[in-house]
Amino acid sequence: MTAQTISKGILRALGIIVGIALVLYFLYKIQSVLAYLAIAAVIALIGRPVVLFLRRKLKFPNTLAVICTMLLMVGVLAGIIALFVPLISEQGKNLSLLNIDALQKNLDQLYRQITEYIGASPRVVTELIQETEIEKNILEGLDIGFIPNFLNSFLDILSSASIGLFSVLFISFFFLKDSKLFQNGLLMFVPNNKEAGTVKSIDKINNLLSRYFVGLLLQIFVLFVIYTITLLIVGVENAIVIAFLCALFNIIPYVGPIIGGVIMIILTMTSFLGMDFSSVILPKAGYVLIGLAIGQIVDNFASQPLIFSSSVKSHPLEIFLIIIIAGLLFGVVGMIVAVPGYTAIKVILKEFLAENKLVKSLTQNL
């Protein structure tokens, strides 16, 4: 091997590294555009069944079917905003969702009532905490900032991302109107002998993910109904708002329901502060806990099997492991995108590596 060959190899390697770095930098700079494309793709997948229904059952022209679908989705979004944003803004102090200081005081008062109920004074509890070398003040160490983060992020997006919202709707319209638009763009980078398999994979992925996202919306709606009924029976103010926000946390697998349940119980208990703890607050929190348990039983034994088994054709244990691994690697975002990402990978592997023993085992239901 000559010095010239070695130098060419080094230069080629440096060129590849620089090229990859430039591509990554470019993707970093246009990350907002990539986010618009991803959100628009999800919206298109959700709206796809409606477009197909209008075209096949009602014989709508393609463009008219897309326009009706977009109007329906925009109407639903506008209805959610019109219903929840004013309530959240007007009742922010009562719900303590937007006022962390008020929520901290409410929790402090609730803490004192709990310690009195179990027969221990706050001083005794504090001494016990100090002796066991735990935090001197559990409320000072309690990070409750996660409670309004999701809500505040949602409101920030609605209030400041009008250009982004328009971009997402604009892209979604064309994704729905021309279902082959993304496919044709992807095929430009695929060798001719792989085009047929790629097209088949894209169609399969679209079908599976469309059913998955529609099922996810159904899952959230079922939980929303159960939570709303529970809170209305208990008599919690703004039950619809609280139920919607807590049901929305279910998007985060496994961790989300726990966070939503804790928020619901805390808001229930703080909404009845000033009343007797043993005869009012504790029983009402117990009723809400029962409602949460019913919601999770329905979700775990009805909604999730329907989504995971029927839509993405994966065993619940398989999905559990994938979500845990994705969460460890990429955090909450990884947990959210784990199922659709894993489904797409499985479809691609089945198409191009169908003879592999491991692939056969994982994709036998696809």
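Helices H2 and H10 are roughly perpendicular to each other. That is my starting point today. One caution before we go on: this is a predicted model.

Let's look at that crossing. Two packed helices are described by the angle between their axes and the distance between the axes. Here, H2 covers residues 31-56 and H10 covers residues 195-234. Their axes come within 8 Å. They cross at roughly 85°. An angle from 65 to 115 degrees counts as roughly perpendicular, so that label fits H2 and H10.

Which residues of H2 and H10 meet? On the H2 side, we have Val 42, Leu 45, Ile 46, Arg 48 and Pro 49. On the H10 side, we have Asn 206, Asn 207, Leu 209, Ser 210, Phe 213, Val 214 and Leu 217. Sort the residues of this contact by class and you get 8 nonpolar, 3 polar and 1 charged.

Now step back to the whole chain. How many helices and how many strands does the protein chain have? The count is 15 helices and 0 strands. The chain has 366 residues, and buried residues make up 35% of them. The exposed surface comes to about 21600 Å². Carbon and sulfur atoms supply 69% of that surface.

What about contacts along the chain? Take the contacts between residues at least 6 apart in sequence. Of those, 66% join residues at least 24 apart.

Back to H10, then, for two of its residues. Leu 223 lies in this helix. Leu 223 has a relative accessible area of 1%, so it is buried. What does Leu 223 touch, leaving aside its neighbours within four places in sequence? The list is Ala 247, Asn 250, Gly 295, Gln 296 and Asp 299. There is also a distance to note. Leu 223 and Phe 244 are 21 residues apart in sequence. In space, they are 8.5 Å apart, C-alpha to C-alpha.

Thr 230 lies in H10 too. Is Thr 230 buried or exposed? Thr 230 is buried, at a relative accessible area of 11%. Not counting residues up to four places away in sequence, Thr 230 touches Tyr 287, Val 288 and Gly 291.

Next, helix H11, residues 239-248. Of its 10 residues, 9 are buried, so H11 is largely enclosed by the rest of the structure. Among the buried ones are Phe 244 and Ala 247. You have heard both names already. Phe 244 was the partner in our distance to Leu 223, and Ala 247 is in contact with Leu 223. The buried set also includes Val 241, Ile 242 and Cys 246.

Let's return to H2 and move past its end. Ala 38 sits in H2. At 44% relative accessibility, Ala 38 counts as partly exposed. Ala 38 and Ile 171 are 133 residues apart in sequence. Yet they are 10.0 Å apart in space, C-alpha to C-alpha.

Lys 59 is in the loop between H2 and H3. Lys 59 is exposed, with a relative accessible area of 64%. Check its backbone as well. The phi of Lys 59 is near 60°, a positive value in a residue other than glycine.

After that loop, look at H3, residues 62-90, where we find Ile 67. Ile 67 is partly exposed, at a relative accessible area of 36%. Ile 67 and Val 51 are 16 residues apart in sequence. Their C-alpha atoms are 9.1 Å apart in space.

Last stop: charges. Side chains of opposite charge can pair when their charged atoms come close. How many salt bridges does a search of the whole structure find? It finds 1. Lys 346 forms a salt bridge with Glu 318. Their closest N and O atoms are 3.4 Å apart. Where do these two residues sit, buried or exposed? Both Lys 346 and Glu 318 are buried.

Leu 362 joins this picture. Leu 362 is in helix H15, residues 357-362. Leu 362 counts as partly exposed, at 33% relative accessibility. Beyond residues up to four places away in sequence, Leu 362 touches Glu 318, Tyr 342 and Lys 346. So both partners of the salt bridge are on that list. Leu 362 and Lys 346 are 16 residues apart in sequence and 7.4 Å apart in space, C-alpha to C-alpha.

Conventions: Residues numbered from 1 in each chain as written. Predicted model: local features only at pLDDT ≥ 70, side-chain atom pairs only at ≥ 80, totals over all residues. Heavy atoms only, no water. Axes fitted to C-alpha atoms, helices over the stretch in contact; angles between N-to-C directions. Helix = DSSP H or I, 4+ residues; strand = E, 2+ residues; numbered from the N terminus. Parallel < 35°, antiparallel > 145°, perpendicular 65-115°, else oblique. Contact = heavy atoms within 4.5 Å. Nonpolar A, V, L, I, M, F, W, Y, C, P; charged D, E, K, R; others polar. Buried < 20%, exposed > 50% of the residue type's maximum accessible area, 1.4 Å probe, protein only. Areas by Shrake-Rupley, 256 points an atom, 1.4 Å probe, with all protein chains shown as cover. Salt bridge = Lys/Arg side-chain N within 4 Å of Asp/Glu carboxyl O.
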